[in-house]
Amino acid sequence: MKAMNLYLCGVGGQGIALLGEVLSRACLAAGYQVRSVETHGLAQRGGIVVSHLRIGQSVFYPMTPPGEADLVIALERLEGLRGATSMLKPGGTLVYYNAVQQPQMVRSGQAPYPNDDDLASPLKEKRIKVEKVFVQGIPDVRMSNVALLGRLASLDLVEGLSADILRETLQAVLPPHALEANLSVFEQARAS
(Lines give C-alpha, C1' and ligand atoms only; values in the text may rest on other atoms or scores of the structure.)
Protein backbone atom coordinates (compact mmCIF):
# COMPACT_ATOMS: atom_id res chain seq x y z
CA MET A 1 0.00 0.00 0.00
CA LYS A 2 1.23 3.50 -0.76
CA ALA A 3 1.46 6.01 2.07
CA MET A 4 -1.86 7.31 3.36
CA ASN A 5 -2.51 10.51 5.31
CA LEU A 6 -5.31 10.81 7.85
CA TYR A 7 -6.27 14.05 9.58
CA LEU A 8 -8.50 13.85 12.66
CA CYS A 9 -10.17 16.97 14.00
CA GLY A 10 -12.67 18.06 16.59
CA VAL A 11 -13.26 20.17 19.65
CA GLY A 12 -11.59 19.60 23.01
CA GLY A 13 -13.26 16.91 25.08
CA GLN A 14 -14.75 14.97 22.15
CA GLY A 15 -12.21 12.15 22.16
CA ILE A 16 -9.71 12.90 19.40
CA ALA A 17 -6.94 11.37 21.54
CA LEU A 18 -8.82 8.07 21.87
CA LEU A 19 -9.75 8.08 18.18
CA GLY A 20 -6.11 8.66 17.21
CA GLU A 21 -4.82 5.99 19.59
CA VAL A 22 -7.28 3.36 18.36
CA LEU A 23 -6.53 4.12 14.71
CA SER A 24 -2.75 4.09 15.31
CA ARG A 25 -2.86 0.77 17.15
CA ALA A 26 -5.25 -0.75 14.62
CA CYS A 27 -2.97 0.26 11.73
CA LEU A 28 -0.01 -1.30 13.53
CA ALA A 29 -2.06 -4.48 14.06
CA ALA A 30 -2.87 -4.46 10.32
CA GLY A 31 0.87 -4.48 9.59
CA TYR A 32 1.47 -0.83 8.71
CA GLN A 33 4.19 1.52 9.84
CA VAL A 34 2.55 4.49 11.58
CA ARG A 35 3.63 8.01 12.43
CA SER A 36 1.27 10.20 14.43
CA VAL A 37 1.13 13.41 16.37
CA GLU A 38 -1.64 15.21 18.21
CA THR A 39 -1.89 18.96 18.66
CA HIS A 40 -4.09 20.80 21.12
CA GLY A 41 -5.40 24.32 20.80
CA LEU A 42 -7.39 25.51 23.75
CA ALA A 43 -8.70 21.99 24.18
CA GLN A 44 -9.82 22.44 27.78
CA ARG A 45 -11.85 25.47 26.75
CA GLY A 46 -13.56 23.90 23.75
CA GLY A 47 -10.81 24.76 21.28
CA ILE A 48 -9.63 22.79 18.28
CA VAL A 49 -7.81 19.48 18.68
CA VAL A 50 -6.23 17.74 15.71
CA SER A 51 -4.29 14.56 15.21
CA HIS A 52 -2.21 13.58 12.19
CA LEU A 53 -1.81 9.92 11.31
CA ARG A 54 0.41 8.83 8.44
CA ILE A 55 0.69 5.19 7.46
CA GLY A 56 2.94 3.44 4.97
CA GLN A 57 6.46 2.14 4.43
CA SER A 58 8.18 5.39 3.48
CA VAL A 59 6.68 7.84 5.96
CA PHE A 60 9.31 9.58 8.05
CA TYR A 61 7.49 12.46 9.76
CA PRO A 62 4.04 12.60 11.36
CA MET A 63 2.55 15.87 10.07
CA THR A 64 0.26 15.76 7.05
CA PRO A 65 0.99 18.72 4.76
CA PRO A 66 -2.04 20.91 3.93
CA GLY A 67 -3.92 19.63 0.89
CA GLU A 68 -2.40 16.12 1.09
CA ALA A 69 -4.76 14.22 3.43
CA ASP A 70 -6.48 11.22 1.88
CA LEU A 71 -9.03 11.07 4.67
CA VAL A 72 -10.35 13.63 7.17
CA ILE A 73 -12.24 12.25 10.15
CA ALA A 74 -14.12 14.95 12.06
CA LEU A 75 -16.07 14.82 15.29
CA GLU A 76 -18.29 17.75 14.36
CA ARG A 77 -19.53 19.55 11.28
CA LEU A 78 -17.60 22.86 11.38
CA GLU A 79 -14.30 21.15 12.10
CA GLY A 80 -15.11 18.71 9.30
CA LEU A 81 -15.56 21.59 6.87
CA ARG A 82 -12.40 23.32 8.07
CA GLY A 83 -10.35 20.12 7.94
CA ALA A 84 -11.66 19.12 4.53
CA THR A 85 -11.10 22.49 2.86
CA SER A 86 -7.60 22.98 4.27
CA MET A 87 -6.23 19.44 4.54
CA LEU A 88 -7.93 17.12 2.02
CA LYS A 89 -6.43 16.53 -1.39
CA PRO A 90 -8.74 16.59 -4.42
CA GLY A 91 -10.71 13.35 -4.52
CA GLY A 92 -10.19 12.70 -0.79
CA THR A 93 -12.85 11.63 1.69
CA LEU A 94 -14.45 13.41 4.64
CA VAL A 95 -16.14 11.28 7.30
CA TYR A 96 -17.79 13.41 9.96
CA TYR A 97 -20.10 12.97 12.90
CA ASN A 98 -23.16 15.09 12.25
CA ALA A 99 -23.49 16.81 15.60
CA VAL A 100 -23.54 20.43 16.59
CA GLN A 101 -20.73 21.26 19.00
CA GLN A 102 -20.17 24.95 18.78
CA PRO A 103 -16.42 25.48 18.71
CA GLN A 104 -14.80 28.63 20.01
CA MET A 105 -14.93 30.33 16.59
CA VAL A 106 -18.74 30.08 16.54
CA ARG A 107 -19.23 31.04 20.19
CA SER A 108 -17.05 34.12 19.72
CA GLY A 109 -18.98 35.17 16.59
CA GLN A 110 -16.01 34.68 14.23
CA ALA A 111 -17.79 32.07 12.10
CA PRO A 112 -21.33 30.88 11.48
CA TYR A 113 -22.16 27.27 12.09
CA PRO A 114 -22.41 25.41 8.74
CA ASN A 115 -25.41 23.38 7.62
CA ASP A 116 -25.22 20.42 5.22
CA ASP A 117 -25.49 22.72 2.19
CA ASP A 118 -22.55 24.79 3.46
CA LEU A 119 -20.47 21.61 3.46
CA ALA A 120 -21.50 20.56 -0.04
CA SER A 121 -20.42 23.63 -2.06
CA PRO A 122 -16.70 23.95 -1.28
CA LEU A 123 -16.20 20.21 -1.21
CA LYS A 124 -17.81 19.62 -4.59
CA GLU A 125 -15.09 21.69 -6.29
CA LYS A 126 -12.38 19.36 -4.92
CA ARG A 127 -14.41 16.20 -5.73
CA ILE A 128 -14.43 15.28 -2.05
CA LYS A 129 -16.52 12.30 -1.04
CA VAL A 130 -18.57 13.01 2.08
CA GLU A 131 -19.83 10.44 4.56
CA LYS A 132 -22.09 11.72 7.35
CA VAL A 133 -22.37 9.61 10.51
CA PHE A 134 -25.03 9.86 13.21
CA VAL A 135 -26.21 7.28 15.74
CA GLN A 136 -29.76 7.93 16.97
CA GLY A 137 -30.02 7.74 20.76
CA ILE A 138 -26.27 7.57 21.37
CA PRO A 139 -25.86 7.07 25.16
CA ASP A 140 -23.07 9.67 25.46
CA VAL A 141 -22.04 12.27 22.88
CA ARG A 142 -18.41 11.44 23.66
CA MET A 143 -18.99 8.07 21.95
CA SER A 144 -19.18 9.77 18.56
CA ASN A 145 -15.51 8.85 18.06
CA VAL A 146 -16.43 5.16 18.37
CA ALA A 147 -19.35 5.71 15.96
CA LEU A 148 -16.85 7.09 13.43
CA LEU A 149 -14.69 4.00 13.89
CA GLY A 150 -17.74 1.82 13.27
CA ARG A 151 -18.51 3.62 10.03
CA LEU A 152 -14.86 3.42 8.95
CA ALA A 153 -15.05 -0.34 9.52
CA SER A 154 -17.86 -0.58 6.98
CA LEU A 155 -16.39 1.78 4.37
CA ASP A 156 -13.04 0.04 3.78
CA LEU A 157 -11.23 3.36 3.30
CA VAL A 158 -7.98 2.06 4.77
CA GLU A 159 -7.04 -1.22 3.12
CA GLY A 160 -6.66 -4.02 5.66
CA LEU A 161 -8.19 -2.06 8.55
CA SER A 162 -11.02 -4.51 9.20
CA ALA A 163 -13.92 -4.33 11.64
CA ASP A 164 -12.30 -7.18 13.61
CA ILE A 165 -9.04 -5.27 14.03
CA LEU A 166 -10.84 -2.09 15.08
CA ARG A 167 -13.08 -4.00 17.51
CA GLU A 168 -10.11 -5.83 19.07
CA THR A 169 -8.24 -2.54 19.42
CA LEU A 170 -11.23 -0.94 21.14
CA GLN A 171 -11.37 -3.90 23.52
CA ALA A 172 -7.68 -3.39 24.36
CA VAL A 173 -7.93 0.38 24.87
CA LEU A 174 -11.30 1.04 26.52
CA PRO A 175 -11.81 0.49 30.25
CA PRO A 176 -13.98 -2.59 31.02
CA HIS A 177 -16.89 -0.53 32.43
CA ALA A 178 -17.24 1.41 29.13
CA LEU A 179 -16.67 -1.45 26.72
CA GLU A 180 -20.18 -2.84 26.20
CA ALA A 181 -21.85 0.52 25.48
CA ASN A 182 -19.04 1.60 23.14
CA LEU A 183 -19.08 -1.68 21.21
CA SER A 184 -22.85 -1.29 20.80
CA VAL A 185 -22.34 2.18 19.28
CA PHE A 186 -19.55 0.79 17.06
CA GLU A 187 -21.87 -1.92 15.69
CA GLN A 188 -24.82 0.49 15.19
CA ALA A 189 -22.65 2.87 13.15
CA ARG A 190 -21.11 0.00 11.22
CA ALA A 191 -24.56 -1.31 10.25
CA SER A 192 -25.96 2.08 9.18
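Buried means under 20% relative accessible area, exposed means over 50%, and partly exposed is in between (1.4 Å probe, protein chains only). You're looking at a predicted model, where local features need pLDDT of at least 70, side-chain atom pairs count only at pLDDT 80 or more, and totals for chains, interfaces and linings use all residues. Residues are numbered from 1 along each chain as its sequence is written, and side-chain values use heavy atoms, with hydrogens and water left out.

**Exercise 1. Sort Arg-142 and Asp-140 by exposure, then say what joins them.**

Step 1: Arg-142 has a relative accessible area of 54%, so call Arg-142 exposed.

Step 2: Asp-140 has 23%, so Asp-140 is partly exposed.

Step 3: Now look at the contact. The two side chains form a salt bridge, 2.6 Å from N to O. A salt bridge here is a side-chain nitrogen of Lys or Arg within 4 Å of a carboxyl oxygen of Asp or Glu.

Step 4: Here's the general idea: side chains of opposite charge can pair when their charged atoms come close.

**Exercise 2. Find where Glu-21 and Arg-25 sit, and describe their contact.**

Step 1: Both belong to helix H1, residues 16-29. Helices (H or I, at least four residues) and strands (E, at least two) are DSSP runs, numbered from the N terminus.

Step 2: Count along the chain: Glu-21 and Arg-25 are four residues apart, about one turn of the helix.

Step 3: An α-helix has 3.6 residues a turn, so residues three or four places apart point the same way.

Step 4: The side chains of Glu-21 and Arg-25 meet in a salt bridge at 3.0 Å, N to O.

Step 5: Check the exposure. Glu-21 is partly exposed at 34%, and Arg-25 is partly exposed at 40%.

**Exercise 3. Trace the salt bridge of Glu-187 and the network around it.**

Step 1: The partner of Glu-187 is Arg-167, with the closest N and O atoms 2.8 Å apart.

Step 2: This pair links distant parts of the chain: Glu-187 is in helix H7 (residues 176-191) and Arg-167 is in helix H6 (residues 163-173), 20 residues apart.

Step 3: With 29% relative accessibility, Glu-187 is partly exposed.

Step 4: Zoom out a bit, and you'll see Asp-164, Arg-167, Glu-187 and Arg-190 linked in a network of salt bridges. The structure holds eight salt bridges.

**Exercise 4. Work out what strand S4 pairs with, and how the chain gets from S4 to S5.**

Step 1: Strand S1 (residues 4-11) runs parallel to S4, and four bridges join them. Two strands pair if DSSP finds at least two bridges between them.

Step 2: Strand S5 (residues 88-97) also runs parallel to S4, with five bridges joining the two.

Step 3: Use Ile-73 of S4 as your landmark. Leu-8 stands opposite Ile-73, and so does Val-95 of S5.

Step 4: From S4 the chain crosses through helix H2 (residues 77-87) to S5, a right-handed β-α-β crossover. Right-handed means that, with the strands pointing away from the viewer, the path from the first strand over the helix to the second runs clockwise.

Step 5: Six of the six residues of S4 are buried, so S4 is largely enclosed by the rest of the structure.

**Exercise 5. Is helix H2 largely enclosed or open, and what contact sits at its start?**

Step 1: Eight of the eleven residues of H2 are buried, so H2 is largely enclosed by the rest of the structure.

Step 2: The buried residues include Leu-78, Leu-81 and Met-87.

Step 3: At the start of H2, a side-chain oxygen of Glu-76 comes within 3.3 Å of the backbone nitrogen of Leu-78. That's a polar contact: a pair of N or O atoms within 3.5 Å, where within protein one must be able to donate a hydrogen and the other to accept it, and residues adjacent in sequence count only if both atoms are side-chain atoms.

**Exercise 6. Locate His-52, and find its backbone contact.**

Step 1: His-52 is in strand S3.

Step 2: At 5% relative accessibility, His-52 is buried.

Step 3: A polar atom of the His-52 side chain lies 3.1 Å from the backbone nitrogen of Thr-64.
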